[in-house]
Amino acid sequence: MDPLEHASIPTLLYLALSPTPDIVGIVILVAGAVFPDLDALSREHRSYLHSLLAFLPAFLTGWYFGGYPYLFVLGWLSHLFLDLFTGVLPFFYPISRKGYGISVRAVLGLHVPKLSIGILSAYPTPRRDYELNLGGSLALLLLTLLVIILRLH
Ligand SMILES: [Zn+2]
């Protein structure tokens with residue numbers, strides 16, 4: 001999942017569910033939502049910041065303080081939730097590098113449609129260059145910006 005999707009999806013939820021959304025809240029939520037991918041700067045992507053060993057203490061701290069710190073960790077939580085469906089999360093990194101994810105695949109075409117759901121298991125990918133196709137994500141971001149304007153107007 002790319003940063004535009006990671007930013008847009010929790011923002012839309014925040015705008016839909018918060019009785020009093022504000023721009024500072026959106027900025028903090030988005031910062032939390034893209035923060036875990038700073039792992040891409042380390043030796044392995046989806047490593048330290050995708051681990052529950054880093055997330056759970058941060059989540060409890062954010063939950064304790066509430067307000068904007070809580071929004072930051074909710075953004076982080078949304079990132080982990082979304083990544084769970086697009087690859088694997090190493091829940092106990094660096095103690096264990098092995099990660100798990102949920103695979104949902106649909107086969108459509110000339111035959112009877114098939115849906116399969118399974119558990120993925122893999123190790124984090126080494127650091128490398130990424131090529132992202134941002135077309136669909138850019139459309140999602142533009143719709144999110146429209147909702148921000150309409151909701152905060
Ligand atoms: Zn990620």
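This is a chat about a predicted model of a protein chain with a zinc ion.

User: Before the details, what elements does the protein chain have, and in what order do they run?

Analyst: The protein chain has five helices and two strands, and from the N terminus on these elements run α-α-α-α-β-β-α. Please keep in mind throughout that the model is predicted.

User: And roughly what box do the C-alpha atoms fill?

Analyst: Taken along the principal axes, the C-alpha atoms of the protein chain fill a box of roughly 45 × 45 × 30 Å. Of the 153 residues in the protein chain, 34% count as buried, and among contacts between residues at least 6 apart in sequence, 58% join residues at least 24 apart.

User: OK, on to the metal. Which residues are the protein donors of the zinc ion?

Analyst: The protein donors are Asp-37 through OD, His-50 through NE2, His-79 through NE2 and Asp-83 through OD, and they lie 1.9 to 2.4 Å from the zinc ion. Along the sequence, the spacing of these donor residues is D-x12-H-x28-H-x3-D. The pair His-50 and His-79 links distant parts of the chain, 29 residues apart, with His-50 in the loop between helix H2 (23-34) and helix H3 (52-65) and His-79 in helix H4 (residues 67-84).

User: What would you call the geometry of the zinc site?

Analyst: The site is irregular, with angles of 91 to 171° among the four donor atoms. Four donors count as tetrahedral only if all angles lie between 85 and 135 degrees, so the upper end of that range rules the tetrahedral label out.

User: Are those two histidines, His-50 and His-79, buried or exposed?

Analyst: His-50 is buried because its relative accessible area is 1%, where buried means under 20%. His-79 also counts as buried, at 0% relative accessibility.

User: Switching to packing: at what angle do H2 and H4 cross, and how far apart are their axes?

Analyst: The axes of H2 and H4 come within 6 Å and cross at roughly 40°, which makes H2 oblique to H4. H2 passes H4 in a right-handed crossing. The contact is made by residues including Val-24, Gly-25, Ile-28, Leu-29 and Gly-32 of H2 and, from H4, residues including Tyr-68, Leu-71, Phe-72, Gly-75, Trp-76 and the zinc donor His-79.

User: How does H1 pack against H4?

Analyst: H1 and H4 pack at an angle of about 120°, with their axes 10 Å apart, and they are therefore oblique to each other. Their crossing is right-handed. On the H1 side the contact is made by His-6, Ile-9, Pro-10 and Tyr-14, while H4 contributes Leu-71, Ser-78, His-79, Leu-82 and Asp-83. Two of the zinc donors, His-79 and Asp-83, are thus among the H4 residues in this contact.

User: And what about H1 with H2, at what angle do they pack?

Analyst: Helix H1 (residues 3-17) packs with H2 at an angle of about 140°, and the axes are 9 Å apart. These helices are therefore oblique to each other, and H1 passes H2 in a right-handed crossing. Among the residues that meet are Pro-3, His-6, Ala-7 and Tyr-14 in H1 and Gly-25, Ile-26, Leu-29 and Val-30 in H2.

User: Backbone next. Where is there a cis peptide bond?

Analyst: A cis peptide bond joins Tyr-93 and Pro-94, with omega about 5°, whereas most peptide bonds are trans. Pro-94 is found in the loop between H4 and strand S1 (99-107). Leaving aside residues up to four places away in sequence, Pro-94 touches Tyr-48 and Leu-53. Pro-94 and Leu-53 are 41 residues apart in sequence, yet their C-alpha atoms are 8.5 Å apart in space.

User: Which residue has a positive phi although it is not a glycine?

Analyst: That is Arg-46, with a positive phi of about 55°. Arg-46 sits in the loop between H2 and H3, and at 10% relative accessibility this residue counts as buried.

User: Last one: in that loop, how exposed is Leu-38?

Analyst: Leu-38, which lies in the loop between H2 and H3, counts as partly exposed at 46% relative accessibility. Leu-38 is 11 residues from Leu-49 in sequence and 7.6 Å from Leu-49 in space, C-alpha to C-alpha.

Technical notes. Residues are numbered from 1 along each chain as its sequence is written. This is a predicted model: local features need pLDDT of at least 70, side-chain atom pairs count only at pLDDT 80 or more; totals for chains, interfaces and linings use all residues. Side-chain values use heavy atoms; hydrogens and water are left out. Donors are N, O and S atoms within 2.8 Å of the metal (3.2 Å for Na, K and Ca); water is not among the atoms, so sites may look incomplete. Four donors count as tetrahedral if all angles lie between 85 and 135 degrees; four count as square planar and six as octahedral if opposite donors are over 155 degrees apart and all others between 65 and 115; anything else is irregular. Helices (H or I, at least four residues) and strands (E, at least two) are DSSP runs, numbered from the N terminus. Buried means under 20% relative accessible area, exposed over 50%, partly exposed in between (1.4 Å probe, protein chains only). Axes are lines fitted to C-alpha atoms, for helices over the stretch in contact, and angles run from 0 to 180 degrees between N-to-C directions. Angles under 35 degrees count as roughly parallel, over 145 as roughly antiparallel, 65 to 115 as roughly perpendicular and the rest as oblique. A crossing is left-handed if the near helix is turned anticlockwise from the far one by less than a right angle, and right-handed if clockwise. Contact means heavy atoms within 4.5 Å.
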